Amino acid sequence: MDFDMSGLTNLQQDLLDVAQNRLPRESFQLMRKIGSKARTVVAKEARSRVKKDSGDYHKRFKRGKVFKGADGEIVVRVINSAPHAHLIEHGHRLVRGGSEIGFVPGKKVMDHGLQNFDSSGQFEKMVEEWLDKLLRDGKL
């Protein structure tokens, strides 16, 4: 999922492009912070959507490593490493006694959690604060 960058002004977007090229280490640090915040929001969404008796699903939300994507953008992932996380996310067949008795629809926790994070404005706020700090420190 891509985050909506429309909250940033043209000047801020230009500064962000320059900062990512001139200060890649600081850009990666910012994305780690953003990924951690997104993980928190997704985990909170999971706690509200999924029952407690789902094993250790709630404890297994993690922020992945920050890396450069195929198009050169900086990417961070939020994942759940529980072996049954994909079943909760996308749904599964319900089988009792060897026969299928129904289908459990997916909860789409990741989609809803990342949409909540994107719509909350936290991403834009963190980027704006980071750019302001770089300008104050004279790094840009």
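## Helix 2 and helix 5

Axes here are lines fitted to C-alpha atoms, for helices over the stretch in contact, and angles run from 0 to 180 degrees between N-to-C directions. The structure is a predicted model.

Helix 2 and helix 5, the latter spanning residues 122–137, pack with their axes 11 Å apart and at an angle of about 155°. Angles over 145 degrees count as roughly antiparallel, so helix 2 is roughly antiparallel to helix 5. The crossing of this pair is right-handed. On the side of helix 2, the contact is made by Glu26, Ser27, Leu30, Lys33, Ile34, Lys37 and Val41. Helix 5 contributes Gln122, Phe123, Met126, Val127 and Trp130. Sorted by class, the residues of this contact are seven nonpolar, two polar and three charged.

## Helix 2 and helix 4

Helix 2 covers residues 24–49 and helix 4 covers residues 109–120. Their axes are 8 Å apart, and the packing angle is about 125°. That value makes helix 2 oblique to helix 4. The crossing is right-handed.

Helix 2 enters this contact with Ile34, Lys37, Ala38, Val41, Val42, Glu45, Ala46 and Arg49. From helix 4 come Val109, Met110, His112, Gly113, Leu114, Asn116 and Phe117. The contact residues divide into nine nonpolar, three polar and three charged. Ile34, Lys37 and Val41 of helix 2 appear in this contact and also in the contact with helix 5.

## Glutamate 45 and asparagine 116

Glutamate 45 belongs to helix 2. Its relative accessibility is 13%, and glutamate 45 therefore counts as buried. Apart from neighbours within four places in sequence, glutamate 45 is in contact with Val109, His112, Gly113 and Asn116. These four residues are also listed for helix 4 in its contact with helix 2. Within helix 2, the side chain of glutamate 45 is joined to the side chain of arginine 49 by a polar contact of 2.5 Å.

Asparagine 116 is one of the partners of glutamate 45 and lies in helix 4. With a relative accessibility of 36%, asparagine 116 counts as partly exposed. Beyond its neighbours within four places in sequence, asparagine 116 is in contact with Val41 and Glu45. Asparagine 116 and tyrosine 57 are 59 residues apart along the chain, and their C-alpha atoms are separated by 20 Å.

## Serine 48

Serine 48 is also part of helix 2. Its relative accessibility of 59% places serine 48 among exposed residues, whereas glutamate 45 is buried. A polar atom of the serine 48 side chain lies 2.8 Å from the backbone oxygen of glutamate 45. Glutamate 45 thus appears in two polar pairings: its side chain with that of arginine 49, and its backbone oxygen with the side chain of serine 48. From C-alpha to C-alpha, serine 48 and glycine 106 are 14 Å apart in space, with a sequence separation of 58 residues.

## The loop after helix 2

Histidine 58 and glycine 55 both lie in the loop between helix 2 and strand 1. Strand 1 spans 61–63. Histidine 58 has a relative accessible area of 16% and is buried. Glycine 55, at 59%, is exposed.

Not counting residues up to four places away in sequence, histidine 58 touches Ala46, Arg47, Val50, Lys51 and Lys52. Of these partners, Ala46 is also listed in the contact of helix 2 with helix 4. A polar atom of the histidine 58 side chain lies 3.4 Å from the backbone oxygen of lysine 51. Glycine 55 is 62 residues from phenylalanine 117 in sequence, and their C-alpha atoms are 25 Å apart. Phenylalanine 117 is itself one of the helix 4 residues in the contact with helix 2.

## The loop before helix 4

Lysine 108 lies in the loop between strand 6, which spans 99–105, and helix 4. Its phi is positive, about 55°, although lysine 108 is not a glycine. A relative accessibility of 32% makes lysine 108 partly exposed. Asparagine 116 of helix 4 is likewise partly exposed, at 36%.

How values were computed. Residues numbered from 1 in each chain as written. Predicted model: local features only at pLDDT ≥ 70, side-chain atom pairs only at ≥ 80, totals over all residues. Heavy atoms only, no water. Helix = DSSP H or I, 4+ residues; strand = E, 2+ residues; numbered from the N terminus. Parallel < 35°, antiparallel > 145°, perpendicular 65-115°, else oblique. Left-handed = near helix turned anticlockwise from the far one by under 90°. Contact = heavy atoms within 4.5 Å. Nonpolar A, V, L, I, M, F, W, Y, C, P; charged D, E, K, R; others polar. Buried < 20%, exposed > 50% of the residue type's maximum accessible area, 1.4 Å probe, protein only. Polar contact = N/O pair within 3.5 Å; in protein donor to acceptor, adjacent residues only side chain to side chain.
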